[in-house]
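Work through these exercises with the model open. Try each task before reading its solution.

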Amino acid sequence: MVIPSATEITRDLVRIDSVNPPGREEHCADYLGTLLQAGGFEVDRYEHAAGRTSLVARLEGESRKKPICFGGHIDVVPLGEKPWSVEPFAGDIIDGRLYGRGSCDMKSGVAAYVHMGLKLAREKCAAADVVLIMAAGEETGCDGSKYLQTLGVLPDAGAMIIAEPTSNYPILGHRGSLWLNATVHGRTAHGSMPDLGDNAVYRAARLITNLEDFKFDVAPNALLGTTTLNVGTFHGGININSVPDKAIFSIDIRSIPEHGHDEIIDSLTRKLGEEVEFERLVDVASVLTTADEPWVVEVFDLMEEFLGEPPDQRGAPYFTDAAALVPACGDPPMIILGPGDMNVAHQTDEYCDVTKIEEAAQMFEAITRRWCEL
Ligand SMILES: [Zn+2]
């Protein structure tokens, strides 16, 4: 079997439309599953809903060490309102950039570790298993990886790479997400006699104003900054001529590891009062690997050759599948490292530099060779 290059695999994946919603990751999963199986991987498919396929591919080693895992997602975000100047599902390469939806976030990252896996599968007797995870439904809240976590089918890993866009710079973690609906109640009355009611929209509006300059009382994390809050939506009332008896607003909180989500809700309750009811819509913890972890020291050492200087310790502003995959794999040390540029993710005319895709495959190979003693 001729192993396609990481760039060729990226191109093939971009040509398979996996916009989420609806997702339809099964077609990407079919393509990757066939490739990996032919290359000697054992491949398992898991559907969290019809057509929503996640893949786990395993290359068996001698189990002298725990497996090294690579993780990523195969769904992509919708195209957006603005028209594209290139065909979004063609994977055209123009001036060294491979264009298309998902080229940056993150079919290039998946392609780079799939290529690496196929290449190393030709060598026998690795010290450890190599496990590749390709999850569905990440962009709508890590649905595929959470499903894998629930099923308990992932291995107890010794090391993990998440290939989300970092421009091939190793990143040690990211903040958690706590998304809340906040409900405020009032008492309805006819719109012509507002004095008889208690207007829930006025109540909620006053509370939201209190949040505009609100700062959580927590010391910042050196890599991830501090916990932040944003009110994203507001809904109140049913019709114009009634006093509204209910208003709901949603709050997006990004949390640092030192700041538990129960504690965050407690401090919001203290600030806003007991009248607000909170409902958790998304509740996932932050992930952060310490730089003195022996494997991280090893990876940073290897990265120095590619980057030309020792990497700094950095965190990412965005959220990844690591939130579900790290606990599902027994909390191994984890690094986010992938070829895409995070500033291009989710954009019109999304692209990835071809040299970055090939470099990512080489980085993954160097890291895996070290772990698997190849
Ligand atoms: Zn992504």
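**Exercise 1.** Locate Asp 213 among the helices and strands, then decide whether Asp 213 is buried or exposed.

*Solution.*
Step 1. This is a predicted model. Asp 213 sits in the loop that runs between α5 (200-212) and β10 (228-236).
Step 2. Count the neighbours: 6 other C-beta atoms lie within 10 Å of Asp 213.
Step 3. The cut-off for exposed is 12 or fewer. Asp 213 is therefore exposed.
Step 4. Now take Glu 309 as a partner. The two residues are 96 residues apart in sequence, and their C-alpha atoms are 40 Å apart in space.

**Exercise 2.** Describe how helix α3 and helix α9 pack. Which residues make the contact?

*Solution.*
Step 1. Helix α3 covers residues 103-120 and helix α9 covers residues 354-372. Their axes are 8 Å apart, at an angle of about 50°.
Step 2. Classify the angle. Roughly parallel needs under 35 degrees, and roughly perpendicular starts at 65. α3 and α9 are therefore oblique to each other.
Step 3. Give the hand: the crossing of α3 and α9 is right-handed.
Step 4. List the contact. α3 supplies Ser 108, Gly 109, Ala 111, Ala 112, Tyr 113, His 115, Met 116, Lys 119 and Leu 120. α9 supplies Ile 357, Ala 360, Ala 361, Phe 364, Glu 365 and Thr 368.
Step 5. Sort these residues by type: nine are nonpolar, four polar and two charged.

**Exercise 3.** Find where the cis peptide bonds at Pro 22 and Met 106 fall.

*Solution.*
Step 1. Recall the background: most peptide bonds are trans.
Step 2. Pro 21 and Pro 22 are joined by a cis bond, with omega about 5°. Pro 22 belongs to the loop between α1 (6-14) and α2 (26-38).
Step 3. The bond from Asp 105 to Met 106 is also cis, with omega near -10°. Met 106 is in helix α3.

**Exercise 4.** Place Ser 167 and Glu 373, and state the exposure of Ser 167 and of Glu 373.

*Solution.*
Step 1. Most residues other than glycine have a negative phi. Ser 167 has a positive phi, near 55°. Glu 373 also has a positive phi, near 55°.
Step 2. Ser 167 is in the loop between β7 (159-162) and β8 (173-174). Glu 373 falls in the segment after α9.
Step 3. Ser 167 has 19 C-beta neighbours inside 10 Å. Buried needs 20 or more, so Ser 167 counts as partly exposed.
Step 4. Glu 373 has 13 other C-beta atoms within 10 Å. Exposed needs 12 or fewer, so Glu 373 is partly exposed.

Key: Residues are numbered from 1 along each chain as its sequence is written. This is a predicted model: local features need pLDDT of at least 70, side-chain atom pairs count only at pLDDT 80 or more; totals for chains, interfaces and linings use all residues. Axes are lines fitted to C-alpha atoms, for helices over the stretch in contact, and angles run from 0 to 180 degrees between N-to-C directions. Helices (H or I, at least four residues) and strands (E, at least two) are DSSP runs, numbered from the N terminus. Angles under 35 degrees count as roughly parallel, over 145 as roughly antiparallel, 65 to 115 as roughly perpendicular and the rest as oblique. A crossing is left-handed if the near helix is turned anticlockwise from the far one by less than a right angle, and right-handed if clockwise. Two residues are in contact if their C-beta atoms, placed from the backbone, lie within 7 Å. Ala, Val, Leu, Ile, Met, Phe, Trp, Tyr, Cys and Pro count as nonpolar, Asp, Glu, Lys and Arg as charged, and the others, Gly among them, as polar.
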